[in-house]
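Please open the structure in your viewer and display it as a cartoon. This tour proceeds from one selection to the next and describes what is found at each stop.

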Amino acid sequence: MHQEKIAEVIQEVKKVVVGQDKMVNRLLIGLFTNGHILLEGVPGLAKTLTVNTLAKVLHLDFNRIQFTPDLLPSDLIGTMIYNQQTANFEVKKGPIFANVILADEVNRSPAKVQSALLEAMQEKQVTIGETTFQLDRPFLVLATQNPVDQEGTYPLPEAQVDRFMMKVHIDYPSKSDELEVMRRMSNMQYSSEVKAILSKQDIFDIRNEINAIKLAEPLENYIIELVFATRFPQQYGLKDEAKYIMFGVSPRASINLNLAAKAIAYMDGRDYVLPEDIKEIAEDVLNHRILLNYEAEADGVDTRSLVRTLLEKVPINKAVTLK
């Protein structure tokens, strides 16, 4: 079991990043379960720094791609370049060929660039010219988007956002954490060097160990109930919430709830999942998959508050009727 090494990874990241324990936890869950993560938060909350530091500690190849309105798909995946000396076209691979990709401000680029990224995420391969290239393993995309400065942005379509395992909202640090950040970063002699803890083989071994975590049938049923409560809220006594939900979550939600709950149990040193594991991760897995209507926006209702209501009202021991 690799729990001790994972604890070392977290401690090593903390040497550089202060007060973002939840973000580090969710990034590790994504890496260990082969899922991609969408980070949302205002600028300056160490999203880029955290991802970069984590890649170093995990000894993985890392590329950062700054998404801008003039970015082209070829800037992402690569293109064919004519070599005058050989009179042949040669493949020039793009920055997508790395283990960890930070897609910074992914909502700044138009749909054709977003779709090129999301296709690579889904297929784990890209096609340049007539040749298809497999992407490196492990392959993890961590995309960021800012909830402010919406002018000049291209919001990700709902069907595309669904490809992310989790959407994690990053909050401001506490007073004590911000004080520590200020002290560190205002010291011009501060060093952010970290050492590598895990290898690629360790990551693959951890995935196998997480796959062996037990999820009891009642908890499997509980996941299904949570998912169906977003689709048919009135059947679950959620009459007030039903008027705000346009579409519920997709089947990807149940798959990712299962995987993420197992990862939380594993990182907590257990070989079985508890109801608390599912509840802990539910908001991050479900919040970007629920599509609300304009009435919800007018009333100030968001998906995160809806998920919290679901967790309060959907019983764990409710029997599932399979149809």
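**A tour from sheet to helices**

Begin by selecting leucine 39, which stands opposite valine 168 in strand β9. Please bear in mind throughout that the model is predicted.

Next, extend the selection to the strands around this pair of residues. Strand β1 covers residues 37–40 and pairs with β9 in the parallel sense, over four bridges. As general background, the strands of a sheet pair through backbone hydrogen bonds, either parallel or antiparallel.

Now show the whole sheet. In what order do its five strands lie? The order is β2-β5-β8-β1-β9, in an open sheet with parallel pairing. To find the edges, select residues 62–66, which form β2, and residues 166–169, which form β9. Each of these edge strands pairs on one side only. Turn the view so that you look along the sheet: from one strand to the next, the twist averages 20 degrees.

Keep the sheet visible and add residues 21–32, which form helix α2. This helix lies across β1, β9 and β8, the last of which comprises residues 140–145. Relative to β9, helix α2 runs at about 170 degrees.

The next stop is a hairpin. Select residues 78–83 for strand β3 and residues 88–93 for strand β4; the two run antiparallel and are joined by six bridges. Asparagine 83 has asparagine 88 in β4 as its bridge partner. Four residues lie between the strands of this hairpin, and alanine 87 takes a positive phi near 60 degrees.

Move on to residues 242–308. In UniProt, an unreviewed entry places the feature "domain: ChlI/MoxR AAA lid" here. The span is 61% helix and 7% strand, and its end C-alpha atoms lie 14 Å apart.

Finally, select helix α11 (residues 251–267) and helix α12 (residues 275–286). Their axes are 9 Å apart, and the helices pack at an angle of about 135 degrees. This angle makes α11 oblique to α12, because it falls in none of the ranges for roughly parallel, roughly antiparallel or roughly perpendicular. The crossing of α11 past α12 is right-handed.

Display the side chains at this contact. On the α11 side, the residues include Ala253, Leu257, Ala261 and Ile264; among those they meet in α12 are Ile278, Ile281, Val285 and Leu286. How many residues of the contact of α11 with α12 are nonpolar, polar and charged? There are 11 nonpolar residues, one polar and two charged.

Technical notes:
Residues are numbered from 1 along each chain as its sequence is written. This is a predicted model: local features need pLDDT of at least 70, side-chain atom pairs count only at pLDDT 80 or more; totals for chains, interfaces and linings use all residues. Side-chain values use heavy atoms; hydrogens and water are left out. Two strands pair if DSSP finds at least two bridges between them. Axes are lines fitted to C-alpha atoms, for helices over the stretch in contact, and angles run from 0 to 180 degrees between N-to-C directions. Contact means heavy atoms within 4.5 Å. Angles under 35 degrees count as roughly parallel, over 145 as roughly antiparallel, 65 to 115 as roughly perpendicular and the rest as oblique. A crossing is left-handed if the near helix is turned anticlockwise from the far one by less than a right angle, and right-handed if clockwise. Ala, Val, Leu, Ile, Met, Phe, Trp, Tyr, Cys and Pro count as nonpolar, Asp, Glu, Lys and Arg as charged, and the others, Gly among them, as polar. UniProt positions are given in the numbering used here, feature names are shortened, and annotations may be inferred rather than shown by experiment.
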